[in-house]
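Colleague: I would like to learn how to read a structure like this one. Could you take me through it feature by feature?

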Amino acid sequence: MSSHPLPAKLCSFKYGRALPALAALFLAGCGGGGSAGDDSVNKIIELSEQTTTLNQQVDQLEKQKRQLTAQLPLLQKKLEASQEKLDNLQGELQALGSGPGASFAQFNESVEGAPPEMVIIMSRRFVRDYPLSPNLEQVRAKLADAQQQLDAQAVQQQQEEAQREAELAAQRRARVEKFKNGQMNTTELKALLRGKSQPEIIEFMGQPRSKARRDVWNYPNYEGISSTGKKGRVRVFFSGGRVNSVGLY
């Protein structure tokens with residue numbers, strides 16, 4: 001049998017792990033030399049590469065196995081804690097079936113003198129947590145009563161808000177009427193007109209009869225009362241396009 005030296009690639013570290021298993025195959029395939037030997041070498045290289053890939057995959061799986069094994073105690077503790085919590089909840093439910101009076105007594109104590117919002121919250125919580133309680137009808141009655149109180153409060157608040165709006169509207173109408181009748185003093189005129197833009201003044205008072213300057217408008221058809229008690233015609237002063245003062249002339 002003729003000798004056939006091992007290729008340098010097969011002697012590398014990459015294929016070192018596969019050489020013992022493939023040596024016999026190589027020698028058998030290379031006995032005749034020539035192209036048959038080359039085919040055997042190529043076959044050995046191919047099998048060696050596949051073996052290396054499989055070895056890497058095995059290493060990766062072993063690593064994942066070690067990680068999962070390390071996590072098992074923590075997962076076991078979480079499972080035990082969840083089971084304990086579930087057991088406690090089931091125990092409360094069973095205790096409710098045998099003696100719910102204590103829970104209802106605690107509920108009554110918690111809602112005694114409480115505002116309707118709190119009674120509603122506590123009642124809904126009791127109904128949710130103690131669905132088998134024989135006191136559910138009493139709790140639902142308290143819930144309905146608290147809801148009626150809350151609805152009545154909301155109606156009252158709406159009525160009070162509407163009344164305040166009506167009073168404010170009446171005050172605004174009175175101020176406008178007082179302004180149109182020339183009965184406002186300069187302080188009241190400033191409070192009424194200050195901050196309004198030029199288009200707003202035109203909408204409210206009309207076009208000015210004359211302008212002392214571009215930012216000073218005269219309204220002789222509107223009157224006011226000076227600090228000395230004398231009547232004068234209204235003059236509006238603008239700054240930056242808005243009223244910043246009101247005087248008489």
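**Reading the model**

Modeller: Start behind the long helix: helix 6 is followed by G182, whose phi is positive, near 70 degrees. Keep in mind throughout that this is a predicted model.

Colleague: How many helices and strands does the protein have, and in what order do they run?

Modeller: The protein has 8 helices and 4 strands. Reading from the N terminus, the order is α-α-α-α-α-α-α-α-β-β-β-β.

Colleague: What span should helix 6 have, and how far apart are its end C-alpha atoms?

Modeller: The general idea is to count 1.5 Å a residue. Helix 6 covers residues 136–180, so its 45 residues should span 66 Å. The C-alpha atoms at its ends are 65 Å apart, which agrees. Helix 5 can be checked in the same manner. Its 14 residues, 116–129, reach 20 Å from the first C-alpha to the last, close to the 20 Å expected.

Colleague: Which residues of these helices are buried?

Modeller: First the general idea: an α-helix has 3.6 residues a turn, so residues three or four places apart point the same way. Now the case here. In helix 5 the buried residues are P116, V119, I120, M122, S123 and F126. In helix 6, L136, V139, L143, A146, A169 and F179 are buried.

Colleague: What does S103 touch, leaving aside its neighbours within four places in sequence?

Modeller: S103 belongs to helix 4, residues 101–111. With those neighbours left aside, S103 is in contact with F126 and Y130. F126 is itself one of the buried residues of helix 5. S103 counts as buried because its relative accessible area is 18%, and the cut-off for buried is under 20%.

Colleague: What share of the whole protein is buried?

Modeller: Buried residues make up 22% of the 249 residues. The accessible surface of the protein is about 17,200 Å², and 53% of that belongs to carbon and sulfur atoms. Another overall figure concerns contacts between residues at least 6 apart in sequence: 43% of them join residues at least 24 apart.

Colleague: Now the strands. In what order do they lie in the sheet, and is the pairing parallel or antiparallel?

Modeller: The 4 strands form an open sheet in the order 1-2-3-4, with antiparallel pairing. Strand 1 and strand 4 are the edge strands, each pairing on one side only. On average, neighbouring strands of the sheet are turned by 45 degrees against each other, direction ignored.

Colleague: How many bridges join strand 1 to strand 2, and how many join strand 2 to strand 3?

Modeller: Strand 1, residues 210–213, is joined to strand 2, residues 216–225, by 3 bridges. A hairpin of 2 residues connects strand 1 to strand 2, and R213 has V216 as its bridge partner. Strand 2 and strand 3, residues 231–239, pair over 7 bridges. There Y219 is partnered by V234. As a general idea for side chains, in a regular strand they alternate between the two faces of the sheet.

Colleague: Which strands does helix 8 touch, and which does helix 7 lie across?

Modeller: Helix 8 packs on the sheet and touches strand 2, strand 3 and strand 4. The direction of helix 8 makes about 45 degrees with that of strand 2. Helix 7, residues 186–193, lies across strand 2, strand 3 and strand 4, and runs at about 160 degrees to strand 4.

Colleague: How many salt bridges are found, and what does one of them join?

Modeller: Look for a side-chain nitrogen of Lys or Arg within 4 Å of a carboxyl oxygen of Asp or Glu. The whole structure has 7 salt bridges. One of them is between E200 and R242, with the closest N and O atoms 3.8 Å apart. E200 lies in helix 8 and R242 in strand 4, so this pair ties together parts that are 42 residues apart in sequence. E200 is partly exposed at 36% relative accessibility, as is R242 at 42%.

Colleague: Which residue forms a salt bridge with R213, and which with D129?

Modeller: R213 meets D215 at 3.5 Å, N to O. R213 is exposed at 51%, whereas D215 is partly exposed at 32%. D129 pairs with R128, the closest N and O atoms being 2.8 Å apart. R128 is exposed at 59%, and D129 is partly exposed at 36%.

Methods
Residues are numbered from 1 along each chain as its sequence is written. This is a predicted model: local features need pLDDT of at least 70, side-chain atom pairs count only at pLDDT 80 or more; totals for chains, interfaces and linings use all residues. Side-chain values use heavy atoms; hydrogens and water are left out. The expected span of a helix is 1.5 Å times one less than its number of residues. Buried means under 20% relative accessible area, exposed over 50%, partly exposed in between (1.4 Å probe, protein chains only). Two strands pair if DSSP finds at least two bridges between them. Contact means heavy atoms within 4.5 Å. Accessible areas come from the Shrake-Rupley method with a 1.4 Å probe; for residues, only the protein chains shown count as cover. Axes are lines fitted to C-alpha atoms, for helices over the stretch in contact, and angles run from 0 to 180 degrees between N-to-C directions.
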